[in-house]
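Let's take a walk through this protein together, from its overall layout down to a few individual residues. Keep the view open beside you and turn it as we go.

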Amino acid sequence: MSAQYAFAADPRAIEDLCDAPEDIRDVALAQLEALVHGTARSGPLADLGGFDLSDCRKVVLDERAEWRLVYQERPAPPGSAHQREIFLLTVRPRDQHQAYNTAAYRLGRQRTPRSPMVHAALSRSPRAAYTTRTPHVPAAAPRPSTAPAMKGPTR
């Protein structure tokens, strides 16, 4: 027999679910049922959009992979009939990391710090090498030519 989980959701995730297109909502509800009954499970996420979501999981909700359901699998609260629960964070489009950014925001997450080398590479101006050097100035400014102008053939 497969494990069964309790279910909980951020109230805003329920709003997300209600606001989703009908076909997405139907798939999301079916996927949540499978998650709660323990017949489906997805792998953990990682650092997405600059947020550590390694304790979260996602479910792709459509064939074009445009919609995501993001949830946590976590210990159930004390007194629950189940040891673990599925906690729904959001049902949102994938476009521009909407689903992941919303999940991170709802969890109160801050963007992950970058390594010093990555931070330096991203913050360095591409012209930085030129601003620290003395600009090249020719020894003598070019003088206008004193040779007589050549005239073309006359007809």
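From the N terminus on, the elements follow one another as β-α-α-β-β-β-β-β-α-α-α. That makes 5 helices and 6 strands. Please keep in mind that this is a predicted model. Of the 155 residues in the protein, 28% are buried. About 11300 Å² of the protein is exposed, and carbon and sulfur atoms supply 54% of that area. The contacts tell us something about the fold too: among those between residues at least 6 apart in sequence, 57% join residues at least 24 apart.

A good place to settle in is the sheet. Here 4 strands form an open sheet with mixed pairing, and their order is S1-S6-S5-S4. The edges belong to strand S1 (6–9) and strand S4 (56–60); each has a single partner strand, so one side of each is left without a neighbour in the sheet. From one strand to the next, the twist averages 30 degrees. If you look at S1 and S6, you will find them paired in the parallel sense over 4 bridges. One pair to pick out is Ala8 with its bridge partner in S6, Phe87. Helix H1 packs on the sheet, where H1 touches S1 and S6, and the direction of H1 makes about 50 degrees with that of S6.

Now stay with H1 for a moment. Which residues of helix H1 (residues 11–19) are buried? They are Ala13, Asp16 and Leu17. These three cover an arc of only 100 degrees around the axis, which puts them on the same side of H1. The general geometry of helices helps here: an α-helix has 3.6 residues a turn, so residues three or four places apart point the same way. Turn the helix around and, on the face away from its buried side, you meet the exposed residues Pro11, Cys18 and Asp19. As for what the buried residues of H1 pack against, the partners are helix H2 (22–37), strand S6 (84–93) and helix H3 (98–106).

H3 brings us back to the sheet. H3 lies across S4, strand S5 (67–75) and S6, and runs at about 130 degrees to S6. Just along the chain, the loop between S6 and H3 holds His97. This residue has a positive phi of about 60 degrees, although it is not a glycine. Is His97 buried or partly exposed? His97 has 33% relative accessibility and therefore counts as partly exposed.

Another loop, the one between S4 and S5, contains Ala65. Ala65 also deserves a look at its backbone: its phi is near 60 degrees, a positive value in a residue other than glycine. With a relative accessibility of 26%, Ala65 counts as partly exposed.

Let's finish in strand S4, where Arg57 lies. Why does Arg57 count as buried? Its relative accessible area is 13%, and the cut-off for buried is under 20%. What does its side chain reach at 2.3 Å? The answer is the backbone oxygen of Ser42. Leaving aside residues up to four places away in sequence, Arg57 touches Arg41, Ser42, Gly43, Pro44, Leu45, Leu69, Val70, Tyr71 and Glu73.

Terms used: Residues numbered from 1 in each chain as written. Predicted model: local features only at pLDDT ≥ 70, side-chain atom pairs only at ≥ 80, totals over all residues. Heavy atoms only, no water. Buried < 20%, exposed > 50% of the residue type's maximum accessible area, 1.4 Å probe, protein only. Helix = DSSP H or I, 4+ residues; strand = E, 2+ residues; numbered from the N terminus. Arc of directions from axis to C-beta. Contact = heavy atoms within 4.5 Å. Areas by Shrake-Rupley, 256 points an atom, 1.4 Å probe, with all protein chains shown as cover. Pairing = 2+ DSSP bridges. Axes fitted to C-alpha atoms, helices over the stretch in contact; angles between N-to-C directions. Polar contact = N/O pair within 3.5 Å; in protein donor to acceptor, adjacent residues only side chain to side chain.
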